[in-house]
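Colleague: I have a structure open here and would like to talk through the ligand and the pockets. Could you take me through it slowly?

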Amino acid sequence: MIKYFVLYLKAKLECHPELVSLSKDVRNVMVRQAHHDTTMITLRKFLEINNTDKNLARLFTDAIAPAVIEIRHKIECGDLCHCGTENVYGEKQLALDVCSNQIVLDHLKKSGLVNIAASEELESEVEFKKAGKDEKDLFTVVFDPLDGSSLVDVNFAVGSIFGVYPAGSPIGRTGDDQLAACFAVYGPRTTLVLTLGKGTHEFRLNHKENEFFLSKENLKILPQAKYFAPGNLRAAAERDDYLKKIDEYIKKGMTLRYSGGMVPDINHILIKGNGVFSYPSYSATPEGKLRLLFECNPMALLVEQAGGGAIDEGGARILSKKITGLHTRTPIFIGSKSAL
Ligand code: AHG
Ligand code: MN
Ligand code: MN
């Protein structure tokens, strides 16, 4: 962290020549304050300090982060009723699902950085005009604009999930082709958990400044799990293997932490540094419920970058599974490696 504070201070002095004239002890106060206050590194500064590709950095600072801030606002004050439409899964779309989806699409389009957008809420890919841009400077962004939307009316934490690929269709690729992934948690705080392939980091929204600031760098998931988040528990009624797994967690004295929202449930594992989230298949959903492209691949990259693992119930690594369709689902076990 020291590296950031020195760089931060240098940046401060560079762009504020009047600071150069500061007396040494004031400058030392600034270093001490910077030393204790990680909130001084904005998302933009963090990406710059880590030599992130300029376009990829801009995709996060100028498109994804503003979309998340707008969705947060919508959740606080948007209407919660059903809007009468259904998504590709035949699930009734809440007005919030639909407007969150539009918010993300609008920001991606406005950025001029996106070749293809694919959403959990849309049947097919949306292609934006390249406007003479070279495909190497464009990205494909896949997203679940509002995950756990049915939890908003009971005021549980919900989230948005994003995966970033090089330009072109995601079909035929694997999750390993992702250049970056992130999720936003709309909870007591609004946070963004992000990986660009060099570790997984948390940023917290400062509402006054409408900026995300680095709050936790290089999150780590230990191999041993103390927490478990057993999704689709109803499957244990017909699947003895799942019942046995849950029983094993209970006998080990593990602590239950399950909210019904994949984003806060996996965020809990990343922030506490251990735990396992599961969502297996059963007769009613033979492929599982969670989508490989929009939910499991981004989550798997974020968790693997923090030292955890993500597999399906055959033990196959989530990030190695070929993406054969936008809406394919997969069972998932994700988190501390020794609990999978
Ligand atoms: P979405 O709201 O985007 O459809 O996804 C919700 C998902 C995920 O957040 C959660 O883990 C899972 O649905 C819970 O499913 P059940 O309601 O079947 O338990
Ligand atoms: Mn979802
Ligand atoms: Mn959703």
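Modeller: Let me begin with a term: a residue is near a molecule if one of its heavy atoms lies within 4 Å of it. Please also keep in mind that this is a predicted model.

Colleague: Okay, so which residues come nearest to ligand 1?

Modeller: There are 17 residues around ligand 1, and those that come nearest are D147, G148, M262, Y279 and K289.

Colleague: And which polar side-chain atoms lie by an oxygen atom of the ligand, say for Y279?

Modeller: For Y279, a polar side-chain atom lies 2.7 Å from an oxygen atom of ligand 1. K289 also has a polar side-chain atom placed 2.9 Å from an oxygen atom of the ligand, and for D144 the corresponding distance to a ligand oxygen is 3.1 Å.

Colleague: How much of ligand 1 does the protein bury?

Modeller: Ligand 1 exposes 470 Å² when it is taken alone, and the protein buries 82% of that area.

Colleague: Which elements give residues to the shell around it?

Modeller: Two elements give two or more residues each to the shell around ligand 1, namely strand 5 (139-147) and strand 13 (276-279). Strand 5 gives the most, with three residues.

Colleague: What about the classes of residue in that shell?

Modeller: The shell around ligand 1 is made up of seven charged, six nonpolar and four polar residues.

Colleague: Switching to pockets, which one does the ligand take up?

Modeller: The space taken by ligand 1 is the largest pocket, and about 530 Å³ of space lies in that pocket. Its lining has 30 residues, of which D147, G148, S149, S150 and K289 are the closest to the centre.

Colleague: Which elements supply that lining?

Modeller: At least two residues of the lining of the largest pocket come from each of strand 2 (92-94), helix 6 (95-111), strand 5 and strand 13. Strand 5 gives the most here, with three residues. By class, this lining has 12 charged, 11 nonpolar and seven polar residues.

Colleague: Now the second largest pocket: what is its volume, and what lines it?

Modeller: The second largest pocket has a volume of about 300 Å³. It is lined by 14 residues, and V185, P188, T191, N267 and I271 are the ones that lie nearest its centre.

Colleague: Which element gives the most there?

Modeller: Helix 8 gives the most to the lining of the second largest pocket, with five residues, while strand 9 (200-206) and helix 8 (262-272) each supply at least two. By class, that lining has five nonpolar, four polar and five charged residues.

Technical notes:
Residues numbered from 1 in each chain as written. Chains lettered and ligands numbered in written order. Predicted model: local features only at pLDDT ≥ 70, side-chain atom pairs only at ≥ 80, totals over all residues. Heavy atoms only, no water. Polar contact = N/O pair within 3.5 Å; in protein donor to acceptor, adjacent residues only side chain to side chain. Areas by Shrake-Rupley, 256 points an atom, 1.4 Å probe, with all protein chains shown as cover. 1 Å grid on protein atoms, 1.4 Å probe; cavity = no way out; pocket = protein on both sides within 12 Å on 5 of 7 lines; lining within 4 Å. Sits in = over half its atoms within 2 Å of the grid points. Helix = DSSP H or I, 4+ residues; strand = E, 2+ residues; numbered from the N terminus. Nonpolar A, V, L, I, M, F, W, Y, C, P; charged D, E, K, R; others polar. Points joined across faces, edges and corners; volume = space filled by probe spheres on them.
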